[in-house]
Amino acid sequence: KAGEATLDRALTALDEGHYEEARAEVGRILNNSQTPRDQYGGPLYVLGVIKVIDAEHQSRADRRRTEYLVASRYLKEARAFGIPKPRAADGQFLLGKSLIESGQFEEGLESLDELISWKLNDDQGLIAKAHWLLAETCLTMPRPQLERALNYNATCLSLSTLTNDERTAAQLQRAQCLAR
């Protein structure tokens, strides 16, 4: 199937940091009238990831927020069509992050809560990042939810996969929660 091979090329380009090449591959997939709509999830996931990367490289807060908003839209659509299984957890995490970073806090929290409910035993690093981001969001959102932040933080700190830097950041986050 030519569409799958093209998606494979787009994912490879994405993984190798060749974002314009990945974007071009996705353009060919989505502009090909032979690509069935039920195969749009992978290409939309690639576009969402690229927009997250674009957002992370924005120096202006308003532009960063806009890039995350666009990323969240691509990732929502990708999820609706079906993100390829090996990328589903990453897609869910990036969707939650994009929603939060674009000011859609409750929806972002729901997305990350859904991710941690998946019980991903093989990706504890991603689960730790999700718990940290959940705690950080609950701590810093316009109406902080401190008890919820502490619960997420405690789970994050209990994970054995944390690096020393991640553990230090989580401990600092805990101290900020307790100081409030």
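In the predicted model, the side chains of Arg79 and Glu114 meet in a salt bridge, with an N to O distance of 3.9 Å. This pair links distant parts of the chain, since Arg79 belongs to helix H4 and Glu114 to helix H6 (residues 105-117), 35 residues apart. Arg79 is partly exposed, at 37% relative accessibility, and Glu114 is likewise partly exposed, at 34%. The distance of 3.9 Å counts as a salt bridge because the cut-off between the side-chain nitrogen and the carboxyl oxygen is 4 Å. In general, side chains of opposite charge can pair when their charged atoms come close.

A search of the whole structure gives 12 salt bridges. One of them joins Glu25 to Arg9, and the closest N and O atoms of this pair are 3.5 Å apart. Glu25 lies in helix H2 (residues 19-31) and Arg9 in helix H1 (residues 2-15), so this salt bridge ties together parts of the chain that are 16 residues apart in sequence. The surroundings of the two residues can also be stated. Glu25 is buried, with a relative accessibility of 8%, whereas Arg9 is partly exposed, with a relative accessible area of 44%.

A further salt bridge is formed by Asp15 and Arg87, for which the closest N and O atoms are 2.7 Å apart. Here too, distant parts of the chain are linked: Asp15 is in helix H1, while Arg87 is in the loop between helix H4 (61-81) and helix H5 (88-101), and 72 residues separate the two. Asp15 counts as exposed at 53% relative accessibility, and Arg87 counts as buried at 17%. Arg87 is placed in the buried class because the limit for that class is under 20% relative accessible area. Apart from these pairs, a network of salt bridges links Glu20, Arg23, Lys51, Asp54 and Glu67.

The cysteines were examined next. The structure holds zero disulfides. Cys156 takes part in none, and the nearest cysteine sulfur to it, that of Cys177, is 11 Å away. Because a disulfide requires two cysteine sulfur atoms within 2.5 Å, the distance of 11 Å excludes this pairing for Cys156. Cys156 is buried, with a relative accessible area of 1%. Cys177 is in no disulfide either, and for this residue the nearest cysteine sulfur is that of Cys138, 8.7 Å away. Cys177 is buried as well, with a relative accessible area of 3%.

Both cysteines, Cys156 in H8 and Cys177 in H9, also appear in the contacts between these helices. Helix H8 (residues 146-158) and H9 pack at an angle of about 155°, and their axes are 10 Å apart. The two helices are therefore roughly antiparallel to each other, and H8 passes H9 in a left-handed crossing. On the H8 side the contacting residues include Ala149, Leu150 and Asn153, and on the H9 side they include Arg167, Gln171 and Leu178.

Helix H9 (residues 164-179) also packs with helix H7 (residues 124-140), where the axes come within 11 Å and cross at roughly 25°. That angle makes H7 roughly parallel to H9. The crossing of H7 and H9 is left-handed. In this contact, Trp132, Ala135, Glu136 and Leu139 of H7 meet Ala169, Ala170, Gln173, Gln176 and Cys177 of H9. Cys177 is thus listed among the H9 residues that meet H7 and among those that meet H8.

Methods: Residues numbered from 1 in each chain as written. Predicted model: local features only at pLDDT ≥ 70, side-chain atom pairs only at ≥ 80, totals over all residues. Heavy atoms only, no water. Helix = DSSP H or I, 4+ residues; strand = E, 2+ residues; numbered from the N terminus. Buried < 20%, exposed > 50% of the residue type's maximum accessible area, 1.4 Å probe, protein only. Axes fitted to C-alpha atoms, helices over the stretch in contact; angles between N-to-C directions. Parallel < 35°, antiparallel > 145°, perpendicular 65-115°, else oblique. Left-handed = near helix turned anticlockwise from the far one by under 90°. Contact = heavy atoms within 4.5 Å.
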